[in-house]
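Subject: Structure handover and what was found in it

Dear colleague,

Please find below the sequence and structure that I am handing over to you. My notes on what was found follow directly after, and I would be glad if you read them with the structure open.

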Amino acid sequence: MADTENEDRTERASEKRLQEARDKGDVPRSRDLSGATVVLAGAAIMLWGSSAMYAHMQHIYALGLGYSREALFSDHLTTRVLSIAVREVVALLTPIFTATLMAAVGSTVALGGLSFSSEALVPKFERLDPIAGLGRLFSLNGLVELAKSLVKVVFLGIALVLLLRHDESAVMATGSGTVSSGVGESLSLVAHAALLFAVILGVIGGFDAVWQRFDYGRRHRMSKQEVKDEHKETEGNPQLKGRIRQMQQQLARRRMIQEVPKADVIVVNPTHFAVALRYDDARMRAPRVVAKGADVLAQQIRLVASAHNIPLVEAPPLARALYATTDLGHEIPAALYVAVAQILAYVYQLKQAVERGVPAPSVPKPDVDPELQGRYRET
């Protein structure tokens, strides 16, 4: 069943999935690469600072070999010797500890980045399940770890044998020479052995780092359904978003229709467009579009305008131009000032004619640049 589940996970992990894994402390790590880096750093420090390390070791040995008669009978001998020995040991080991610590942190950060998570410290009792442990042992990752262990044992063993054969004479001579030469030879032998081991572990660690990156991506692959679910969670349900947009449009239309009774004139073409204009010379620099619509919405604007006795002026080119060039709530462009002024003048004359009971003036036919009508000029 687990194999079937893994087969279904064919999609690369999303950034959200990887971030969730990092928050849980799950990041790619290579113990082999970290170990190789630590050993290499320690060997480098031993080779680079061998003379200083030798001096500290010589001081430590000298503490137990040379005392005056007064020192032997002093009550502070033990305290003094211990304090000097501690200082020498700290000075001897501090460079090695510092270099190895920096190497361990640096190699970890280089592969998986910095990650601090309290969840990683929580004990997971399911790991004590023996059946699950056997499953992990015979899994792909378990087999890879077994193969790496065998490779390390074989190569490190061969390297150790070759190194001892190469330096056999030096090793045998360490007991026959002076103490200083023996200590120097021992340090050199340990440093060269550590350097050789670091190179071998580095090669293995390089392959392991590549494998860990691949295995990390493989373990966090997602199924197509998980990708869809995450997309819905992140971007929102498309149906819900569509419903929200629909409701927003309905509210916007309702507010727009409420502005129609405040208009001075509705410019229409026979059936398709209706644009409501309002002009207050005390507060506006130019007439403003308070409502506009096409087809069904245009018909609704007409009905509301008729119910509130707002004049409807049929001027198809101007209606198309206003609909194409002016957004809702904005002032009309300067290119339409003259045409709209003719319409507003007609509305004013029409009101005067109705009040006086005289014949209505003729409807103007303002001239409008066809380019201003956009794609609606043929409608």
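To begin with one residue, M284 is found in the loop between β2 and β3. Please bear in mind throughout that this is a predicted model. Although M284 sits in a loop, it counts as buried because its relative accessible area is 11%, under the 20% that sets the limit for that class. Leaving aside residues up to four places away in sequence, M284 touches R278 and Y279, and its C-alpha atom is separated by 8.4 Å from that of E331, which lies 47 residues apart from it along the chain.

A second loop residue, L328, can be set beside M284. L328 lies in the loop between α14 and α15, and it counts as partly exposed because its relative accessibility is 40%. Not counting residues up to four places away in sequence, L328 touches M256, V289, V290, A291 and K292. For one of these, A291, the C-alpha atom is separated from that of L328 by 6.3 Å, with the two positions 37 residues apart along the chain.

As for the chain as a whole, the secondary structure comes to 15 helices and 4 strands, and 30% of the 379 residues count as buried. Among contacts between residues at least 6 apart in sequence, 74% join residues at least 24 apart.

Which residues of helix α14 are buried? In this helix, which covers residues 316-325, the buried residues are L318, A319, R320, A321, L322 and Y323, and what covers them includes the strands β1 (265-268), β2 (273-278) and β3 (288-294), together with α15 (337-356).

Two of those α14 residues return in the largest nonpolar core, which has 21 residues and in which V267, L277, L318, L322 and L336 touch the most other members. The elements that give two or more residues to this core are β1, β2, α14 and α15. A second, separate core has 16 residues, among them I257, A263, I266 and V290; V290 is also one of the residues that L328 touches. Returning to V267, and again not counting residues up to four places away in sequence, one finds that it touches F273, A274, V275, L277, V313, A315, L318, A319, L322 and I343.

Two further loop residues deserve a look for their backbone angles. D295, in the loop between β3 and α13 (296-307), has a positive phi of about 55° although it is not a glycine, and it is partly exposed, with a relative accessible area of 46%. N309, in the loop between α13 and β4 (312-314), has a phi near 60°, again a positive value in a residue other than glycine; N309 counts as exposed because its relative accessibility is 70%, over the 50% that this class requires.

In another part of the chain, M53 lies in helix α4 (residues 50-63) and counts as buried, at 8% relative accessibility. Apart from residues up to four places away in sequence, M53 touches I45, M46, L92 and I96, while M53 and L93, which are 40 residues apart in sequence, are 8.5 Å apart in space, C-alpha to C-alpha.

From the record, an unreviewed UniProt entry places the feature "transmembrane region" at residues 33-55, 89-116 and 189-211. In the model, the span 189-211 is 100% helix and 0% strand, and its end C-alpha atoms lie 33 Å apart.

Finally, there is the second largest pocket, which holds about 370 Å³ of space. Of the 15 residues that line it, the closest to its centre are R12, L18, R213, Y216 and G217. The elements that give two or more residues to the lining are α2 (15-23), α6 (77-112) and α10 (179-219), and α10 gives the most, with 5 residues. What kinds of residue make up this lining? They divide into 7 nonpolar, 2 polar and 6 charged.

With best wishes

Definitions and conventions:
Residues numbered from 1 in each chain as written. Predicted model: local features only at pLDDT ≥ 70, side-chain atom pairs only at ≥ 80, totals over all residues. Heavy atoms only, no water. 1 Å grid on protein atoms, 1.4 Å probe; cavity = no way out; pocket = protein on both sides within 12 Å on 5 of 7 lines; lining within 4 Å. Points joined across faces, edges and corners; volume = space filled by probe spheres on them. Nonpolar A, V, L, I, M, F, W, Y, C, P; charged D, E, K, R; others polar. Buried < 20%, exposed > 50% of the residue type's maximum accessible area, 1.4 Å probe, protein only. Contact = heavy atoms within 4.5 Å. Core = buried A, V, L, I, M, F, W, Y, C linked by side-chain atoms within 4.5 Å. UniProt positions renumbered as here; feature names shortened; annotations may be inferred.
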